Amino acid sequence: MAETKRSPGRTAGRAQRSRPSKADEPTTPSGIPLRPVYGPDDLPADHGARAAPPGEAPFVRGAYLQMYRGKPWRIFQLSGYGSPEELNQRLRFLLEQGETGFIMKRDRVTNDHLYDPDHPEVDARREDVGQTGSVLLSARDVQVAIDGLPIEQTYAHPGAGVVQAAPWCLGSYWVAAKRRGVDFTKLAGTGQSDFFLTYVGCLTKDQIPPREGLRLNRDLIEFCTERMPRWVPVSVAGYNGADSGLVAHEELGAVMANAVEYLDAVRDRGLVIDGFARGIGGVSFRTSMAFFEDIAKLRAARKMWHDLLSQRYGVTDEKALALRIHVVTAGSAMTYQQPLNNLVRGTLMALAAGLGGVQSLGVSGYDEAISIPSDHAHQMSIRIQQILQEECGGLVDVADPLGGSYFVESLTEALETRAWEFFEEVQARGGFIESIDDGWLLQRAADNQIAESMRSGSIVGVDIHTDDATPWEIDGFAGGSDAWDRGMDRVAGVRRERHEAAAGDALRALEAACRADDNVIPLMLDALDADVTIGEVGAVYREAFGSWKVPVQL
């Protein structure tokens, strides 16, 4: 590691907070000054060591030697609304259009809170149910949602965004697969269980405290390490931190600090880090309209991951040291005004991801500022990626095509340096979970949002060039409006038809595991197989873990 950077976690100290410059000199969104031209003197002092080919440490230039010649990035769109049947139709449509994996977006009202549809909080918002994802209330619902899908051959993300919902979401997919006769331990896919979404970006009314959330994620990592070699149990989602307000180096530093919590927690359970680190090394980042800074961010992330594991934990497994990255283009960059401009924005952000060397990519729908993506918006998100892969000459033929650029190499190093400083600041505060639990990271993201909102804008179609000669009328997608009514019918059916005593026994066993320190995942699978509902699991959590009290007022 170059002298200009701090060792990962070894010399913790408070860093000066980075802010975009107020001077006239242009800066990146994270405050790195931009000069008119870059030259050889701007290359990092250790450029030779950083310039190792893709697939070799420290992996700045890519996780794999062949990169996209060996395998193009996975086209991986977030999708879901309404009922299980409607989710099934949308997933089939996307696979037919050329998607090469699928992500099941679950309803935020029921799923994120672990509420049944007859919970008073849901009843009060019944018109919102199904508008932010599909309403999946039991393993039976997931069976319907994945009916006929080639799950044995397709990489899947069954929807597990917020921390407390992850064991339920992954478990319901695995149980549904088992009921189809598929050995779920052979499935390939990923979870998420993201602290940024849960405790920084989208605060919900009932959420278990962060330390209990860490325990659930630890259990998932342990379970998948021992039984599911093709499954990524958790995925630190820097995307959600970035779209909540963290700037690039803060996103990087916080992702690494989150990973440290996982590595320490699972190591303390007696597992060897070399054996499970690869399962943690699949993360997500955001690309935005900060085109070059985001390319540099992805390159810096791979080096930071390598340095973190090799220097802090002594990991030597090359597969574990190579970080795999999923990117979602910034939904926050999509504008309500002149929505077709968002096709250009989506293309540029996707190109940045491709140039940065990602393994999978989702492009935000051009109508995302208006509603959940329509069929056409989703199709265009896939077409953007297909055009980049099939028509953009050289993009998939040459790994790290910007490698050696004076500008990009300089940005990569500058981001890495600032990111380690932020990482050390988090460590000095007691670590990532403490910074979540006391609201410090939430306040940082909120402050950044306020600072950003006070800067003068130059967004085409919004701040400048607002004339629209041929307005394209987009009303927004309106599917799934009866999701609450249909959910009520289904959950009533489950309660009526299941073996009630078996469901009760399974819930009591799950609660006992929650109150002890047993791994809860096997008990969660038993409960799902007994057809418990999502609200019943939520009630167990709330009894065993309590609810997190948001520590700051925004």
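**A β-α-β unit and two helices**

Strand E2, helix H2 (residues 84–97) and strand E3 make a right-handed β-α-β unit. Bear in mind that this is a predicted model. Below is a quick tour of E3 and its partners, then helix H20, then a residue in helix H19.

**Strand E3 and its neighbours**

- E3 covers residues 101–104, with Gly101 and Ile103 pointing one way and Phe102 and Met104 the other.
- That fits the usual pattern: in a regular strand the side chains alternate between the two faces of the sheet.
- Whichever way they point, these four residues, Gly101, Phe102, Ile103 and Met104, are all buried.
- On the E2 side (residues 78–79), the pairing with E3 is parallel and has 2 bridges; here leucine 78 has isoleucine 103 as its bridge partner.
- E3 also runs parallel to strand E4 (residues 155–157), joined by 3 bridges, and glycine 101 sits opposite tyrosine 155 there.

**Helix H20**

- H20 takes in residues 500–515, and its length checks out: 16 residues at 1.5 Å each should span 22 Å, which agrees with the 23 Å between its end C-alpha atoms.
- Its buried residues are Ala503, Gly504, Ala506, Leu507, Leu510, Ala513 and Cys514.
- What do the buried residues of H20 pack against? They pack against helices H8 (210–227), H21 (521–529) and H22 (534–545).

**Aspartate 489**

- This residue lies in helix H19 (residues 483–497).
- Aspartate 489 has a relative accessible area of 59%, so it counts as exposed, the cut-off being over 50%.
- Aspartate 268 is 221 residues away from aspartate 489 along the chain, and their C-alpha atoms are separated by 45 Å.

Key:
Residues numbered from 1 in each chain as written. Predicted model: local features only at pLDDT ≥ 70, side-chain atom pairs only at ≥ 80, totals over all residues. Heavy atoms only, no water. Buried < 20%, exposed > 50% of the residue type's maximum accessible area, 1.4 Å probe, protein only. Pairing = 2+ DSSP bridges. Right-handed = clockwise from strand over helix to strand, strands pointing away. Expected span 1.5 Å × (residues − 1). Contact = heavy atoms within 4.5 Å.
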